[in-house]
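Work through the exercises below with the model open. Try each task before reading its solution.

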Amino acid sequence: FFGGRYADKVIQVDSSKTGAEEDEMVERLLRVEHADEPTEIVIHVNMLKEGWDVTNLYTIVPLRAANARTLIEQSIGRGLRLPYGKRTGVTAVDRLNIVAHDKFQELIDEANRPGSIIHLQRVVLGPDELRQTTKTVIAPSTLETRLGLVSAQANALTEVAGDEGSLAFSDPEDQEIAKITWQAIRRLERQPDVVPNVSYLTQPEVRAQVLREVREQYNPVQPGLEGLHPGPDIAAVVARTTELVVQGTIDIPRILVVPKGEVRSGFRPFTLDLKGVNYQPMSNDLWVHYLHSNATEILRATGAGGIEEPRLENYVVRALIDFDDVPYDANADLLYGLASQVVSHLGAYLDEEGVERVVQEHQRPLANLVHVQMQDHYWEDDQVEYEVQISRGFTALKETAFAQSEPTMDFRVSPADKSSMGKYLFGGFQRCLYPVAKFQSDPERALSVILDRESEKWFRPPKGQFQLYYRWRGDQPEYQPDFVAETSAAIFMLEPKRRTEMEDPEVLAKRDAAVAWCRHASEHAATYGGKAWTYALIPHDAIASNMTLNGLVERWAVKA
C-alpha cells in the first residue's frame, strides 16, 4: 500500500520463523526505538502480550473484537506511554485518541468509574511492591542447557531457566564438538527413512555418519603438538552427546496428510438464522470525548467513504470471499443467495438507503455471521483417499518463555491462591524435559506430579511443537496439547479439561484432530518397532496426585 512505501519497514512477528530468520526478527524488534532502525509497522500474531515496552508506538490497530476488558486496558496502556517521557504541551503529541464505535460509551463509563485504571491517580508504592517486578524467563529444554546450546541472545535479554552447573562438558573444545554434533543430529531430523526416531542415533552406521560429519567440520582453535597434547576425544563427545539427545527427547514425528487426488468440497444451500441481526446505520460524524475533562467535540464528516457497489449483495459477498475456504467461482450462486437473505432481512426494518449504509458499514460482521453458519453445511467428497507422509522422524524441543512475578514454586506444593494459577512458575521436576513450567489450574499441577513420578519423561509442548491443526468455523487453528509423557510401553498425549467443557464442540474438534494424529504417529512407530501414541481427554475433577498414570489413561483414553 501507499505505492510500496513501507515495503522494507515492516516486521511480521509470529511463530513461523525459525533459525536465522527468527534471530533477525527478534533483533529488529528489539531495535524498534533506535533512530537508525527503519521499522515503522509491527504485525504480530499473539506474540507481544506482556513485557514488550516501547515508547515510540503511535498507532495500535487490534484486528480482533475488543470485547475483553483486559485487552482494552492493555491496548490503552500501550498507547499512554509518552514518547518523550513527559508531556510536551503539544496536544496532538500528549493526547491518546481511542477510536471506537460499538464500545464507545462503555469506555467513557469505565473511565468515569471511581477506581478505574483509565483514570490518572496517585499511587504510592511501598518497599514490597517495589521489590516485586515482572521478568521474562527463557526456558530452553533441559537437553539444550546441558549441551550449552542456550542462545547468547536469550542470555543477554533475560534470566535463563536452567542449572549452569549441569553442563555435560566443561572443556570449551568439548562444548564446541557437542554443538557440531547437535547440528548434525538436527539435519538427520529431515531423514525419517534413515532415522525414524532418536533411538536410531545409537545405530553404528548412523553414529559413524555423525562422527564423520563432526570430524570434517571441527577445526580446533590451536592444534596441539604431537605427543604433548592429544586433543579432545571426538568420538567420546559424540557418543555422550548422542546419549543425552536420546534421553532428552520424546519422538514427535512431523506428519503431513495430503490427498492423493483432487478434493471436492463446498457448502450446501441453507436458510440463515438472522433473528439477532438488528444493525442500524451509523452516523458519519466522529465524536471526540476528552476523558480528563468530560468535554465532547464532534468532527463533521464531509462525505461517505468506500467503494459503492451496483448491488447491495456485493458488499456482503466481497467480504465473504476474503475467507480462505470460500472460493468465489465454485460458490458464487450460494454466496449471492445468502447475501440476498441478509439484504432482505435488513429491508424488513430499514429503508433502501439505510440497508445500503448498514451493508457498507457492517459488511465484515455480517460476513462473519454468515461464514460461521456456513460451517454447519460444509461438505467434502468422502471418496478421496489421503496419504500420510512423515517429513521428520523426531523434532527438537522448542525454546519457550514465561513472565514471572513470583518466586519459582515447588510443583509438588499447591499454592494458596489457586484462582491465579497462571501467575506462578513451577520448578523442581526430575523427569520433565524443561526446567520450569506454568499451569492454568491446580489439577494440571497435580497431573504433573503424577507424570514426574510415573513416566520416563514428560513436558508441556510449546506453541508450534506439533504443528497439529484442527478445523473450526472455517479456519485451521493450531492445537497445542497440554501434556506429552512417555513410559516404557507407550507415549501419551494428555488434555485435562473442566468437566463442563468435555462436550464443547471446539474441544471435540481438537480431540478428533489429536486422535487422528496419534493414529498416524502409531502407524509410523509400528514400522520400526516404536511406541504407540494414545490420546486421553481427562476431566479436571478426575485428577488427584495419588492416582496412577495408567489408571487415568485407561479410564479416559479416546479410541482411534
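The exercises cover a buried loop residue, salt bridges and a charged patch in this predicted model.

**Exercise 1.** Decide whether V384 is buried or exposed, and find what it touches.

*Solution.* Start with the location. V384 sits in the loop between β9 (378-380) and β10 (386-392). Next, check the area. The relative accessible area of V384 is 15%. Buried means under 20%, so V384 is buried. Now look for contacts beyond four places in sequence. V384 touches P259, E262 and V263. Finally, compare C-alpha atoms. Those of V384 and G261 are 6.8 Å apart, although 123 residues separate the two along the chain.

**Exercise 2.** Find which parts of the chain the salt bridge between E213 and R187 links.

*Solution.* The structure holds 25 salt bridges. In this one, N and O are 3.0 Å apart. E213 belongs to helix α9 (residues 204-217), and R187 to helix α8 (residues 172-188). The pair therefore links distant parts of the chain, 26 residues apart. R187 is partly exposed, at 34% relative accessible area.

**Exercise 3.** Locate the partners E478 and K463.

*Solution.* Their closest N and O atoms are 3.9 Å apart, in a salt bridge. E478 lies in strand β16 (residues 478-479), and K463 in the loop between β14 (457-459) and β15 (468-469). So the pair ties together parts 15 residues apart in sequence. K463 is partly exposed, at 41%.

**Exercise 4.** Which residues form a negative surface patch?

*Solution.* The patch consists of E22, D23, E27 and E399. Take E22: it lies in helix α1 (residues 19-30). At 36% relative accessibility, E22 is partly exposed.

Note on methods: Residues are numbered from 1 along each chain as its sequence is written. This is a predicted model: local features need pLDDT of at least 70, side-chain atom pairs count only at pLDDT 80 or more; totals for chains, interfaces and linings use all residues. Side-chain values use heavy atoms; hydrogens and water are left out. Patches are made of residues with over 30% relative accessible area and no salt bridge: like charges are joined within 9 Å, nonpolar side chains (Val, Leu, Ile, Met, Phe, Trp, Tyr) within 5 Å. Accessible areas come from the Shrake-Rupley method with a 1.4 Å probe; for residues, only the protein chains shown count as cover. A salt bridge is a side-chain nitrogen of Lys or Arg within 4 Å of a carboxyl oxygen of Asp or Glu. Lys and Arg count as positive and Asp and Glu as negative; His and the chain ends are not counted. The place of a charge is taken as NZ of Lys, CZ of Arg, CG of Asp or CD of Glu. Helices (H or I, at least four residues) and strands (E, at least two) are DSSP runs, numbered from the N terminus. Buried means under 20% relative accessible area, exposed over 50%, partly exposed in between (1.4 Å probe, protein chains only). Contact means heavy atoms within 4.5 Å.
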